[in-house]
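Me: Please take a close look at the cysteines in this structure and say how they are placed. Add whatever helps to set them in context.

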Amino acid sequence: MTVEAGIGYALIALGPSLALFVSVVSKKPFLILTLLSSTLLWLISLIVLSGLWRAFLPLNSTTWWPYAILIISSVGFQEGLRIFLWRAYKRLEDILDAFADRVSKPRLFLTDKMQIALAGGLGHGVAHAVFFCLSLLTPAFGPATFFNDRCSKMPFFLVSALIALAFVTIHTFSMVIAFNGYAEQNKVDQVFVPVVHMVAALMTLVNFASGGCLVGIPLLYVMAILTLMHCGKMVWRRLTQN
Amino acid sequence: MAQTSRPTSVLDSLGEEIVRIVTPVSICMFLVVILVSVLDSSSSSPTSVSSMATIAYSEADSDSDWDKFVGALWNSLAFVAVVTAVTFVLVLLFYLRCTRFLKLYMGFSAFVVLGFLGGEISLFLIQDFSIPVDCVTFFVVLFNFAVVGVLAVFVSKMAIFVTQGYLVVIGMLVAYWFTMLPEWTTWVLLVAMALYDLAAVLLPMGPLRLLVELAISRDEDIPALVYEARPVTHGDSGHEGGVVQRRVWRERRNSAHDPTEVPNVNSMVNPALHGNSNNDPTSYANTTSVANGNTSPGSLSVNSVHNVTNSVAAQERLSQDSEEKSELSAPLIDHRINVGSQGHGDTIPSENLVLEGMGLGSSGAIKLGLGDFIFYSVLVGRAAMYDFMTVYACYLAIIAGLGITLMLLAFYQKALPALPVSVLLGVVFYILTRLLLEIFVVQLASNLLMF
């Protein structure tokens, strides 16, 4: 609506990530690089997906099942990417440990590893927010606003900012849970992350129904809070274990 | 909660040099994007920018795509030809030891950029935002700004932030001017410059490589504008210690000249080598641009034999960019530019202005030529003229390219061109985003479906 409103929407989507960035990531340059790399990887995965689906777009916006297929394939691809990220991270960890030995510094602490996972997840979340929310916010800086037919109670920008915030949370903390699950060989954690991602993405299909976003968005936040709590429990358990 | 004093992990300081280069590049790009989106120049006629880059063909909206592409190709060829010629002239001047002239020219170019380009852009801003300011105040402020800028890049004793800030501002101003070129010309020009950079630095008879080798063999500094990131100090010397010890370095350097290591000096220093510079006083945080003759280019630290090469390599780029600068200065001096009428005197100086490519500074810090700043920002600024999604994608691509170049730098230990990887990645991502990603994301997001 105005510059202030535009900045407001951007901060709704990215505010907590900004806080996380300033307090945790910006202090260690390596984490900034991790964040940038994971953002880039998420973007590349998105480009690959859009390349694969290009022939079928634009989809008919009245039927919902093509979108369901699209979402399922995209989430599946991204979860596969997460496993690939884990392998790359293991190799990186070995390199870092070798380097630490060489300069006679201690090896990576548990908190270090969790911070790297957090930065990776934050990168994914920020990429999501930037590409799904911020890049559409440009009209919001102008004099008017925009309403979506199916969700006419709130401006479109506000709705997309809220959804982006939920997904940022899910992405950020899923990575911590996933990396920890792979490290500990914990099956529950390993399965938890893809399931939550898929359920959350499919839940946005509820927005397809008229007035659906009134139900869809709270459900999405339930998933986000679930992820947050699970991550908190897991981190607490691991840190108090030692 | 009380922290037990446990040893600092390796994660605390790793990658700091890279972040110190990525930050100013990001700031420059961000400023250019803001300028481009604020000064939306759809109203101002593109024909007002006639420069070296549009001599062969000036784009008109009614031309077909193929015509535009061919015209852009001619433009870029002309531009690259001029840049090559000017770089060779610079090599010649450097060979004839006209260093003082080159340095004076550099200062003059900085003044022209800050004063005239900066003035024009401020005028656009004042016009757009109806800022009430009178001519006299404006002139005085602008003049002071420009003079301080010239001193900042000329004199070594300025505060580091001031020098770095001015370099970023110069990069931003020049990049903004480049974005005013017609669209096809800009893109083809970017790719052409990337390829030229690759050739000029890596081919044996490339002008930049000649310049680097000349500077190394003479153990001299090339007068040029280059951004040098603050070196990562490891708690060593303070300011004074650095000054005192610099003399020692000079002597050491002369002795270091004898060993056979000199020949393989044609390399860019490995940032990791910086680890060794802990012990030596080079960690003295003097990051003033190599432009001033004080900092011995090679400002060798113990292992800085490599550094020499780097700074030289960096300087090579510099000359390259200065050429662009000259072309940029051209519109300022006379809008009815005619290639023929431009004397040599005008075209040479800009070379000194910018420097493409990377190197390692005397104190082990990474140096990046100003030309790289400029062309990265031009790419992102052009992407901003389409949409913000392309901006984010191109930004990530450029940073990735920069990271890859830095890794190659660490690996090959040679003077490397910083443009090719980033620009080519940026162009690829721009095209992919525009063709593929945009419709995908807009389809999903406008239906409020996200994953």
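**Cysteines and their surroundings**

Reply: The model is a predicted one. For chain A, an unreviewed UniProt entry lists "transmembrane region" at residues 6-25, 30-52, 64-85, 116-137, 157-179, 191-209 and 215-236. Two of these spans can be described from the coordinates. Residues 30-52 of chain A are 100% helix and 0% strand, with 33 Å between the end C-alpha atoms. Residues 191-209 of chain A are 68% helix, again with 0% strand, and there the end C-alpha atoms are 29 Å apart.

Now the cysteines. Counting over all chains, the structure has one disulfide. The partners are Cys151(A) and Cys213(A), and their sulfur atoms are 1.7 Å apart. This falls within the 2.5 Å taken as the cut-off for a disulfide. The link between Cys151(A) and Cys213(A) is right-handed, with 90 degrees about the S-S bond. Cys151(A) sits in the loop between α4 (110-133) and α5 (156-184) of chain A, while Cys213(A) belongs to helix α7 (residues 213-241) of chain A, so the bond ties together parts that lie 62 residues apart in sequence.

Both partners can also be placed by their exposure. Cys151(A) has a relative accessibility of 2% and therefore counts as buried. Cys213(A) is buried as well, at a relative accessible area of 3%. The cut-off for buried is under 20% relative accessible area.

In chain B, Cys28(B) is a useful contrast. The closest cysteine sulfur to that of Cys28(B) is in Cys394(B), and because the distance is 15 Å, the two are too far apart for a bond. Cys28(B) is buried, with a relative accessible area of 0%. Cys98(B), on the other hand, is partly exposed, with a relative accessible area of 24%.

The surface of chain B has a feature of another kind. Ile27(B), Phe30(B), Leu31(B), Ile34(B), Val38(B), Phe129(B), Ile131(B) and Val133(B) make a nonpolar surface patch of about 670 Å². Helix α1 (residues 16-38) of chain B gives the largest share of this patch, five residues. Val133(B) comes from elsewhere, namely the loop between α3 (99-129) and α4 (135-154) of chain B. With a relative accessible area of 39%, Val133(B) is partly exposed. Patch residues need over 30% relative accessible area, so the 39% of Val133(B) meets that condition.

To return to the request: the disulfide joins Cys151(A) to Cys213(A), whereas Cys28(B) has its closest cysteine sulfur 15 Å away, too far for a bond.

Definitions and conventions: Residues are numbered from 1 along each chain as its sequence is written. Chains are lettered from A and ligands numbered from 1 in the order in which they are written. This is a predicted model: local features need pLDDT of at least 70, side-chain atom pairs count only at pLDDT 80 or more; totals for chains, interfaces and linings use all residues. Side-chain values use heavy atoms; hydrogens and water are left out. Patches are made of residues with over 30% relative accessible area and no salt bridge: like charges are joined within 9 Å, nonpolar side chains (Val, Leu, Ile, Met, Phe, Trp, Tyr) within 5 Å. Accessible areas come from the Shrake-Rupley method with a 1.4 Å probe; for residues, only the protein chains shown count as cover. A salt bridge is a side-chain nitrogen of Lys or Arg within 4 Å of a carboxyl oxygen of Asp or Glu. Helices (H or I, at least four residues) and strands (E, at least two) are DSSP runs, numbered from the N terminus. Buried means under 20% relative accessible area, exposed over 50%, partly exposed in between (1.4 Å probe, protein chains only). UniProt positions are given in the numbering used here, feature names are shortened, and annotations may be inferred rather than shown by experiment.
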